[in-house]
Amino acid sequence: RRLAQAVVRLREPSETNGFVNGHPMAHNRWLPSIEPGGGLALDELISSAGQSFEGGQAWKGDAEIELFDAPTEELAALRVEEVIGGYYRQVGVVWNGGTLLQSGGSGAE
């Protein structure tokens with residue numbers, strides 16, 4: 001099922017752009033048990049941030065986004081009020097560790 005569709009037309013190099021990995025982020029890590037019905041072997045909420053970063057030339061342009069209705073997703077409740085633009089940049093990030101925020105708290109089985 002298609003949930004979203006985006007089109008970006010890159011027009012020119014950009015002097016700046018946001019860097020989403022520039023601050024610590026929370027991630028969930030789930031891994032089911034190898035045995036059927038065995039629950040989760042890994043169930044963690046962690047925080048991690050990039051240790052180092054290299055980026056290529058940033059490009060900017062026009063962007064369009066469509067969000068489609070999906071009966072089992074919350075996407076239909078989102079509204080795109082303004083598209084500022086589209087950006088593209090190749091990045092390389094070194095991840096080296098993180099912080100365990102919670103273990104076994106997902107409620108998933």
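Two strands are treated as paired if DSSP finds at least two bridges between them. On that basis, Gly 61 stands opposite Gly 86 in strand S6. The model is predicted, and the pairings below are those of its computed coordinates.

The pair of glycines belongs to an open sheet of three strands. Its order is S1-S5-S6, and the pairing is antiparallel. Strand S1 covers residues 4-14 and strand S6 covers residues 86-88. Both stand at the edges with a single partner strand each, so one side of each is left without a neighbour in the sheet. Neighbouring strands are turned by 35° against each other on average, direction ignored.

Strand S5 spans residues 58-67. Its antiparallel pairing with S1 runs over 10 bridges. Two positions show the register. Ala 4 stands opposite Leu 67 in S5. Gln 5 has Glu 66 of S5 as its bridge partner. On the S6 side, S5 is joined by three bridges, again in the antiparallel sense. The Gly 61 to Gly 86 position lies in this pairing of S5 with S6. In a regular strand the side chains alternate between the two faces of the sheet.

A salt bridge also ties S5 to S1. The side chains of Asp 62 and Arg 11 meet with an N to O distance of 2.8 Å. Asp 62 sits in strand S5 and Arg 11 in strand S1, so this contact links distant parts of the chain, 51 residues apart. How exposed are the two partners? Asp 62 has 39% relative accessibility and therefore counts as partly exposed. Arg 11 is exposed, because its relative accessible area of 53% is over the 50% limit.

Strand S5 contributes to a nonpolar surface patch as well. Ile 65 lies in this strand. At 42% relative accessibility, Ile 65 counts as partly exposed. A patch residue needs over 30% relative accessible area and no salt bridge. Ile 65 joins Leu 67, Leu 78, Val 80 and Val 83 in a patch of about 390 Å². Leu 67 is also the residue opposite Ala 4 in the S1 pairing.

Three further strands form another open sheet. The order is S2-S3-S8, with antiparallel pairing. Strand S2 (25-32) and strand S8 (99-103) are the edge strands, and each pairs on one side only. The twist averages 25° from one strand to the next. Strand S3 comprises residues 40-48. Four bridges join S3 to S8, and the two run antiparallel. Glu 44 has Ser 103 of S8 as its bridge partner.

Glu 44 also takes part in a salt bridge. Its side chain meets that of Arg 29, with an N to O distance of 2.5 Å. Arg 29 belongs to strand S2 and Glu 44 to strand S3, with their positions 15 residues apart in sequence; the pair links distant parts of the chain. The partners differ in cover. Glu 44 is buried, with a relative accessible area of 18%, because the cut-off for buried is under 20%. Arg 29 has 37% relative accessibility and counts as partly exposed.

Strand S3 holds another buried residue, Ser 48. Which residues surround Ser 48, leaving aside its neighbours within four places in sequence? The contacts are His 23, Pro 24, Met 25, His 27, Trp 95, Gly 97 and Gly 98. Relative accessibility at Ser 48 is 11%, so this residue counts as buried. Met 25 and His 27, two of these contacts, fall within the span of edge strand S2.

How many salt bridges are there in total? The count comes to four, with a side-chain nitrogen of Lys or Arg required within 4 Å of a carboxyl oxygen of Asp or Glu. Besides the Asp 62 and Arg 11 bridge and the Arg 29 and Glu 44 bridge, these include a bridge from Arg 79 to Glu 81. The closest N and O atoms of Arg 79 and Glu 81 are 2.8 Å apart. Are the partners buried or exposed? Arg 79 is exposed, with a relative accessible area of 67%. Glu 81 is likewise exposed, at 67%.

Definitions and conventions: Residues numbered from 1 in each chain as written. Predicted model: local features only at pLDDT ≥ 70, side-chain atom pairs only at ≥ 80, totals over all residues. Heavy atoms only, no water. Axes fitted to C-alpha atoms, helices over the stretch in contact; angles between N-to-C directions. Buried < 20%, exposed > 50% of the residue type's maximum accessible area, 1.4 Å probe, protein only. Contact = heavy atoms within 4.5 Å. Patch = residues over 30% accessible without salt bridge, like charges linked within 9 Å, V, L, I, M, F, W, Y side chains within 5 Å. Areas by Shrake-Rupley, 256 points an atom, 1.4 Å probe, with all protein chains shown as cover.
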